[in-house]
Number of protein chains: 2
Amino acid sequence: MLRAAQLYYRLHLTQDQVGERLGVSRFKVGRLLDRALRESAVRIEIVHPDIRLVELEDGLVARFGLRSAVVVDVPPTASEQDQELLARERVATAAAAQLTALRPTGAIGVSWGRTMLEVAAHLRPGWTAASEIVQLNGAMSRSARPTRAQEVVEQFGLTSGAAIQLMPAPAIVGSPELREALEQDPSIGETLAAARAAETAVFSMGVLGTESVHVASGFIGDPDLAALGEAGAVGDVLGRFLAIDGRIALPSLDRRTIGLPLEELRAKTLTVGVAAGPGRGSIALAALRSGCINVMVTDEETATWVIDHE
Amino acid sequence: MLRAAQLYYRLHLTQDQVGERLGVSRFKVGRLLDRALRESAVRIEIVHPDIRLVELEDGLVARFGLRSAVVVDVPPTASEQDQELLARERVATAAAAQLTALRPTGAIGVSWGRTMLEVAAHLRPGWTAASEIVQLNGAMSRSARPTRAQEVVEQFGLTSGAAIQLMPAPAIVGSPELREALEQDPSIGETLAAARAAETAVFSMGVLGTESVHVASGFIGDPDLAALGEAGAVGDVLGRFLAIDGRIALPSLDRRTIGLPLEELRAKTLTVGVAAGPGRGSIALAALRSGCINVMVTDEETATWVIDHE
DNA sequence: CAATGGTGTGCACATTTGAGCATGGCTACC
DNA sequence: GGTAGCCATGCTCAAATGTGCACACCATTG
């Protein structure tokens, strides 16, 4: 058996030649090799260092029932800030590539944020034949810091030649009643209907904290921030804050949030979630648990955190 | 590439199926797997502990231009003496099996000694269709300790149904003249002619020392022993003592030795050398260097020693 | 002593894989 | 703007390999 394995695997003879040398039939050689494999006398192993990325992808797919997952390697950098920038760049590149490979059609819903901006920047012209790009949630900033949500949608549209549809509203308003009133208004209502109708959604995940985009953009103030912390919120998806178990952390705030509700997101055929950079583990896990992601794109650190904490 | 390797080697999909999952052609998958192998991203290794035996066999074949080699594993025992007995038993079994597999025809020459006796004992009836078994060298003991050479030849004959031909002479005599005279005599001369004509020879190797068969049987006395030591002899093949370089250690003694000369042994088609037990390394190496072996059967310890000292 | 069942073997056939070659896109260089 | 060379890709065809089946061998059992 070992002699056969030696001749076959090391010297790369055919089973026929091995049989000739050993004076047995090629069938017997085949069975010998079978046995060697079954009895693990021969080990075939993938030794490339990046195989762990594949394993993480498989782990995510298996644990959360995803369609697919992409986990990218981010080489270490000098500073924490560089690390975040590099991670975002790498993950965004991968997300753009994955989107291209998935070839979505019809309408595509998109969120906004730094990560989404980076994804948009990496899309190559002609990446999809989609007909329409729809903004999924409100973004109109009231602070000096612009959300650049429009740039995201425009870039998605520009690179695909699709029509674009913006959602001209803040992410979060002061009362549920105002939210309802705004959603009734045709300018927002029609976009929301289109977002609902889209079969595909692409969005990133945001962390909760003082450096959060929503805080910086003035959508949530100190009282809301405190209440969210109290409720165990770890971050947001489409402006909707989740606790680590994947449920809406603060329903009262959720009712003031303008955009596609999570149930609707969950119902879509293709939902691509992008999470990049240190500290994204908890919101990534929450989002995965919420069931609104079926294609995950992230970095190794985040993926490892998620797998370890599930 | 890694994904392909994962699906192909770990999940045992066909290249076609891998291609389907990855959205590429099976040709590309094949090339991907090729590359993975070439770049050693995938390692195929034989992990069975006995693979070292195969490697030793290959080493012997390559270094000494053999037809084949058999190296057997000898489990450790309590005492050195048990080890020697077990080694002899294992190696003899392997030698008998190898002889059976080689299916020699015509006349087969055999030597004598403890190892050969053990080999003979392991031959199964019908192991060969050879016509004649010929004793290759003199063996008639003058001491109380019999050489049992006749038993070896008889057993070879009995198990094969072949005729036997003994060499009724001592291994070593007092003078070259006497040796010549004996070899002229028909009783010995005819056997010697048959030994010369045989296409196959089977023989063991003896170590030099006070416990040597030749010393115990009274063929060499103290002066010869001392002279052999002086000349760098390490052991014998067919009663002919070799130095570690594989040459006759003491030509004067060799001229007094009755039996097939080494040049004649070298000229045969099939020469099976058997060396078993601790301390056999040097004579095994000497015999291999002398070029008179083309099929080697030995234990791991001896094979390792030979490879390490060549 | 026949029947039985397990095991190993070789064979015909189907599937899988590899080798060589043509094609076409891309780049770099005139 | 052309063009030569390179590389990746997919194809055809042949080789290599796996599979189900029939048969032989052996030991056990009623």
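A residue is near a molecule or strand if one of its heavy atoms lies within 4 Å of it. This model is predicted: local features need pLDDT of at least 70, side-chain atom pairs count only at pLDDT 80 or more, and totals for chains, interfaces and linings use all residues. Residues are numbered from 1 along each chain, chains are lettered from A, and side-chain values use heavy atoms, without hydrogens and water.

**Exercise 1.** Find which residues surround DNA strand D.

*Solution.*
- Start with chain A: Y8(A), T14(A), Q15(A), R26(A), F27(A) and R31(A).
- Add chain B: S25(B), F27(B), K28(B) and R31(B).
- Now look at the strand. Of its atoms within 4 Å of the protein, 32% belong to sugar or phosphate and the rest to bases.

**Exercise 2.** Work out which part of DNA strand D the side chain of R26(A) meets, and do likewise for S25(B).

*Solution.*
- Take R26(A). A side-chain N or O atom is 2.9 Å from a base oxygen of strand D.
- Take S25(B). Here a side-chain N or O atom is 2.8 Å from a phosphate oxygen of strand D.
- Both pairs can be checked against the polar contact limit: N or O atoms within 3.5 Å.

**Exercise 3.** Explain why the buried residues of α11(B) line one face of the helix.

*Solution.*
- Helix α11 of chain B spans residues 222–230, and its buried residues (under 20% relative accessible area, 1.4 Å probe, protein chains only) are D224(B), L225(B) and L228(B).
- Seen down the helix axis, they fall within an arc of 100°, so they share one face.
- The face turned away carries D222(B), P223(B) and E230(B), which are exposed (over 50%).

Key: Polar contact = N/O pair within 3.5 Å; in protein donor to acceptor, adjacent residues only side chain to side chain. Helix = DSSP H or I, 4+ residues; strand = E, 2+ residues; numbered from the N terminus. Arc of directions from axis to C-beta.
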